[in-house]
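Grab a coffee and work through a few exercises on the model below. Each one gives a task, then a solution in steps.

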Amino acid sequence: MDSITVLMTSPMSDYLENQLKDRFNLVKLWTYSSKTDFFKHNSHSIRAIVGNTKIGADAELIDSLPELEIVSSYSVGLDKIDLRKCQEKGIRVTNTPDVLTDDVADVAMGLMLAVVRRVCECDRFVRRGLWPKGDFRLTNKFSGMQVGIVGLGRIGSAIAKRAEAFGCPISYYSRSEKPETNYKYFSNIIDLAVNCQILVVACALTEETHHIVNREVIDALGPEGILINIGRGSHIDEPELVSALLEGRLGGAGLDVFENEPEVPEQLFGLENVVLMPHVGSDTVETTDAMADLVIKNLEAHFLKKPLLTPVV
Amino acid sequence: MTHGIIHGHLPQVLVVRPPESFSLYQSQCSHKFHFLKAWESPLPLDQFLSTHARNVQAMLSCGIFPIKADLLCHLPSLRLVVTPSSGLNHIDLSECRRRGVTVAYAGSVASCDVADLAVGLRIDVLRKISVADRYVKQGLWASKTSYPIPLGSKLKGKRIGIIGLGSIGQEVATRFEAFGCSISYNSRKQKPSFSYPFYSSVFELATNSDALVICCGLSDQTHHLINKEVLLALGKEGVIINVGRGAIIDEKEMVQCLVQGDIGGAGLDVFENEPNVPKELFALDNVVLSPHRAAFTHETLASMRELAIGNLEAFFLNKPLLSQVMNN
């Protein structure tokens, strides 16, 4: 298949890059200094795009590649892909669900524990040599805290299962109620925020969920409340979040995603009730390899005219 | 006639060093007991005790100050030691038994908190949460010249080896099971009510685990239980989590193993010589350090305080203690 040209949009995985190079004619978008240069050389040969959470396949890119047949995303999130355009043009789209569910859920739990029990701050305290001068202050108990989940899909359910083991009562807001679970359903996010102590964003980013956590929701969560985001930065009105934290109107936050990565509001850097990660929810050796394998398998299936493994469109 | 009331005064309770939040004990107990505060006296401890504590029947420990023969010999009337901690290694239990002194402790009130921290430390080590937090807060993510942080390791499917399947160990097991980890354990005795695989030697457990979580108490039998042999059996990818007591691990050997890469990482809440922590650990990114705070939440401190006060009250009213340490 090395006559088939595949476009990789950004450096996302050395392993994936090598696998693509071995199997296809690989074109790397980031090696071109200008868009015009890139389009001049490649627009008529590219039949597949491998995108990620940084650069996917927007309308402009799709329109400029007339031979494009498939977009295989190295992510489960689809917010960087113009799905409507793909549907119109009959372009297939695949993603990487399931393989990353556990890792992302683990990071959500890790962030909750890190914020409530000040794990990172304690580590900082010890490394700075402050312990001989006095004990670190008391923190709050995590077990039994009420956890509210926005989006009870694969990842949300995996978070719920873990939090339950800590005796945390689980409630959720989702597009539809899930009667097969025992968790308490709220039909709107404000009621969920009022009734929980830790609010976890675990839904997909769509037009409807953009800024779903706004000032009103943050106020409802309150000065003892904690916000965890392992979804997309744009789920939260970031400037509102920052001012709420600075003013003490929100109790704490654990964030793996931001509105404008890799930019992170610097005012958060000095806050001990905030834990920040650079979008690494699925970044384990095992999962990144599994995601890469799924991307490759989907591409191979497509070009061998076999059923796609994880199609979205 | 109730214990320790002399001339109509409140019963006396000796306090050699104050436990955390002692002012709250005082405010809650001002009408119940009279605290004899040894640390406020200019007299050396021995003298203070001989002068003032000959009739004292109950003592409130701070959880750290050693209660051994050299202290007990100055307290001929002592019948009860109450410690707000779950840990008992600071108390010479056989000496207490010999002298007919009962010990009451915090039982399992802290177990959830300690288990929570054990899990928090494990996730942090495996997924590099503290590393990530440092990285972002130093502005390195946006910087064009810095390297990305290394990939973490998947938690699901990992084998957790728990040392000590008491109250804390059981809470740890329940939590890790929800993450899809498999559990096995080593304990003084096998516990047939649990279906987890039991290993009679810590070395065997280490050989068959990806992480060891220390949830047992410190005793003569568990001192330096985790030695070089066990650490090497745990191996280059193995992680050690300690929420028990520092001296359960041969700390010098562990530091060397970490520095040389003979084990994969560590999450440590306790150390052999607190508050001193081996400086070599500060340079390591695969280590997460915590200043002995596993049980120290507002809620648990309050529970410990209530239990300690409840035990003292019960004693002075001739009622059964709430959480007596049983001889086993």
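## Exercise 1: a cis bond in a loop

**Task.** Find where A:Pro262 lies, and describe the peptide bond that leads into A:Pro262.

**Solution.** Step 1: A:Pro262 is found in the loop between E11 and strand E12 (274-276) of chain A. Helices (H or I, at least four residues) and strands (E, at least two) are DSSP runs, numbered from the N terminus.

Step 2: going from A:Glu261 to A:Pro262, the peptide bond is cis, with omega near 5 degrees.

Step 3: now chain B. The bond from B:Glu274 to B:Pro275 is cis, with omega near 0 degrees, and B:Pro275 sits in the loop between strand E10 (265-268) and strand E11 (287-289) of chain B.

A word on ground rules before moving on. This is a predicted model, where local features need pLDDT of at least 70 and side-chain atom pairs count only at pLDDT 80 or more, while totals for chains, interfaces and linings use all residues. Residues are numbered from 1 along each chain as its sequence is written, chains are lettered from A and ligands numbered from 1 in the order in which they are written, and side-chain values use heavy atoms, with hydrogens and water left out.

## Exercise 2: walking through E10

**Task.** Work out which strands pair with E10(A), and how the chain gets from one to the next.

**Solution.** Step 1: look at strand E10 (residues 226-229) of chain A itself. Both of its faces are covered, with A:Ile226 and A:Ile228 buried on one side and A:Leu227 and A:Asn229 buried on the other. Buried means under 20% relative accessible area, exposed over 50%, and partly exposed in between (1.4 Å probe, protein chains only).

Step 2: take one neighbour, strand E9 (residues 198-201) of chain A, which pairs with E10(A) in the parallel sense over 4 bridges. Pairing requires that DSSP finds at least two bridges between the two strands. Here A:Ile198 stands opposite A:Ile226. To get from E9(A) to E10(A), the chain passes through helix H9 (residues 215-221) of chain A, in a right-handed β-α-β crossover. Right-handed means that, with the strands pointing away from the viewer, the path from the first strand over the helix to the second runs clockwise.

Step 3: strand E11 (residues 252-255) of chain A also pairs with E10(A) in the parallel sense, over 4 bridges. A:Asn229 stands opposite A:Leu255 in that pairing. The route from E10(A) to E11(A) goes through helix H10 (residues 238-246) of chain A, and this β-α-β crossover is right-handed.

## Exercise 3: positive phi

**Task.** Say where A:Arg118 and A:His211 lie, and whether each is buried or partly exposed.

**Solution.** Step 1: A:Arg118 has phi near 55 degrees, a positive value in a residue other than glycine. Its place is the loop between helix H5 (101-116) and helix H6 (119-127) of chain A. Relative accessibility is 17%, so A:Arg118 counts as buried.

Step 2: A:His211 isn't a glycine either, yet its phi is positive at about 55 degrees. You'll find A:His211 in the loop between E9 and H9 of chain A. Its relative accessible area is 24%, so A:His211 is partly exposed.

## Exercise 4: the whole chain, then the pair

**Task.** How compact is chain A for its length, and what does chain A bury against chain B?

**Solution.** Step 1: chain A has 11 helices and 12 strands. Its radius of gyration (over C-alpha atoms) is 21 Å, close to the 20 Å that the globule rule (2.2 Å times the number of residues to the power 0.38) gives for 313 residues, so chain A is as compact as a globular protein of that length.

Step 2: buried residues make up 58% of chain A's 313 residues. In chain B, 54% of the 328 residues count as buried.

Step 3: count the partners. In all, 57 residues of chain A are in contact (heavy atoms within 4.5 Å) with 59 residues of chain B.

Step 4: the area buried between the two chains is about 4900 Å², with carbon and sulfur atoms giving 62%. That buried area is the accessible area (1.4 Å probe) that two parts lose on being put together, summed over both. On the chain A side, A:Arg127, A:Trp131 and A:Leu138 lose the most area to chain B, together 17% of what that side buries.
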